[in-house]
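Reader: Could you take me through the features of this model, giving the general idea of each before the particular case?

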Amino acid sequence: AEYVTEVRRSEDIASYRGAVGIAQRSGISLHWSFEQSKAFLRVKCRDANKWHISLSPSVVSKIKLDIDRYPNVETGGYLLGHMNPIEERFIVVDVIEPPEGSVRSASRFDLVPPPDGFEIRGNDGQYLDVVGTWHSHLGDATPSSKDRRTAAEIATADLIPKALLVTNGNDWDALVARRRGT
């Protein structure tokens, strides 16, 4: 843990902007290497001090493709990745289509819950969590009063913070659903 802290605080880390740190275990030691990557899109959650969502370039592309596929209605789905409560950040590495029964319309998008026992594994074999939802708006990307009510409902039902991302394909905005103190 001390080594990781030293690496994170090193001034050299600034040169790794747009890089992903990879820890490789060798017995009880770790070796860090850095791989170049495209920068993640960072979206600040408007209702929280530090909370934000980091979207991988492939997630941004998938969301824009879905919006292009359904240009006259709101669309959406689930955000997959990890939530880091220390950094107050959602790291989103994939999205999934809305389950059957979800409704797309010109005035709203209704997302049904994922099936019971729903699990996703990433390329590394680790489980990915559903860290929130995303949906499009046909106009501006500002969360609506319905979006705010949904965030409040999620916050009362779930102890773990969840992200609610809103976009029109060009602009991005977000809310975080969390209980007070989390």
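Author: What follows is a dialogue on a strand and its partners, the nonpolar cores, the salt bridges and an aromatic pair. Please keep in mind throughout that this is a predicted model.

Reader: Let me begin with strand β11, residues 162–167; how many of its residues are buried, and which of them point one way and which the other?

Author: A strand is read by asking to which side each side chain points and how much of it is covered. Strand β11 is mostly covered, since six of its six residues are buried. K162, L164 and V166 point one way from the strand, while A163, L165 and T167 point the other way.

Reader: Which strands pair with β11, and in which sense, parallel or antiparallel?

Author: For pairing, one looks at the sense of the two strands, the bridges between them and the residues that stand opposite each other. Strand β10, residues 127–136, pairs with β11 in the parallel sense over five bridges, and H135 stands opposite V166 there. Strand β12, residues 172–177, pairs with β11 in the antiparallel sense over six bridges, with L164 opposite L175.

Reader: How are these strands connected along the chain?

Author: Here one follows the chain from strand to strand. β10, helix α3 (residues 145–157) and β11 make a right-handed β-α-β unit. β11 and β12 form a hairpin with four residues between the strands, in which G169 takes a positive phi near 100 degrees.

Reader: Which residue other than glycine has a positive phi?

Author: E88 is such a case, with a phi near 50 degrees. E88 is found in the loop between β5 (76–84) and β6, and E88 counts as partly exposed because its relative accessibility is 22%, where buried would require under 20%.

Reader: Turning to the interior, which residues of the largest nonpolar core touch the most other members?

Author: A core is read through its members, their contacts and the elements that supply them. The largest nonpolar core has 21 residues, and I53, L55, I63, L79 and L165 are the ones that touch the most other members. β4 (52–55), α2 (57–69), β6 (89–96), β10, β11 and β12 each supply at least two residues of this core, and the largest share, four residues, comes from α2.

Reader: With what is L165 in contact, leaving aside its neighbours within four places in sequence?

Author: On that basis, L165 is in contact with V43, I53, L55, I63, L79, T133, W134, H135, W172, D173 and A174. There is also a second, separate core of five residues, which includes A151, A155, L164 and A177.

Reader: What is the general idea behind a salt bridge, and how many does the structure hold?

Author: Side chains of opposite charge can pair when their charged atoms come close. The structure holds eight salt bridges. In one of them R46 pairs with D173, the closest N and O atoms being 2.6 Å apart; R46 is in the loop between β3 (41–44) and β4 and D173 in strand β12, so that the pair links distant parts of the chain, 127 residues apart.

Reader: Are R46 and D173 buried or partly exposed?

Author: R46 is partly exposed, with a relative accessible area of 44%, whereas D173 is buried, with a relative accessible area of 10%.

Reader: Which residues are joined into one network by salt bridges that share partners?

Author: The salt bridge of R69 with E97 has its closest N and O atoms 3.7 Å apart. R69 lies in helix α2 and E97 in the loop between β6 and β7 (103–104), so this pair ties together parts that are 28 residues apart in sequence. E97 also meets R104 in a salt bridge, at 3.9 Å from N to O. Through shared partners, D66, R69, E97 and R104 are joined into one network. As to exposure, R69 counts as partly exposed at 47% relative accessibility, E97 likewise at 46%, and R104 is partly exposed with a relative accessible area of 26%.

Reader: Finally, how is an aromatic pair described?

Author: A pair of aromatic rings is described by the distance of the centres and the angle of the planes. The count here comes to one aromatic pair. The rings of W51 and F90 have their centres 5.0 Å apart and their planes at 35 degrees, so the pair is tilted. W51 lies in the loop between β3 and β4 and F90 in strand β6, 39 residues apart, and both W51 and F90 are buried.

Terms used: Residues are numbered from 1 along each chain as its sequence is written. This is a predicted model: local features need pLDDT of at least 70, side-chain atom pairs count only at pLDDT 80 or more; totals for chains, interfaces and linings use all residues. Side-chain values use heavy atoms; hydrogens and water are left out. Buried means under 20% relative accessible area, exposed over 50%, partly exposed in between (1.4 Å probe, protein chains only). Two strands pair if DSSP finds at least two bridges between them. A crossover is right-handed if, with the strands pointing away from the viewer, the path from the first strand over the helix to the second runs clockwise. A nonpolar core is a set of buried Ala, Val, Leu, Ile, Met, Phe, Trp, Tyr and Cys residues joined through side-chain atoms within 4.5 Å. Contact means heavy atoms within 4.5 Å. A salt bridge is a side-chain nitrogen of Lys or Arg within 4 Å of a carboxyl oxygen of Asp or Glu. Rings of Phe, Tyr and Trp (its six-membered ring) pair if their centres lie within 6.5 Å; planes under 30 degrees apart count as stacked, over 60 as edge-to-face and the rest as tilted.
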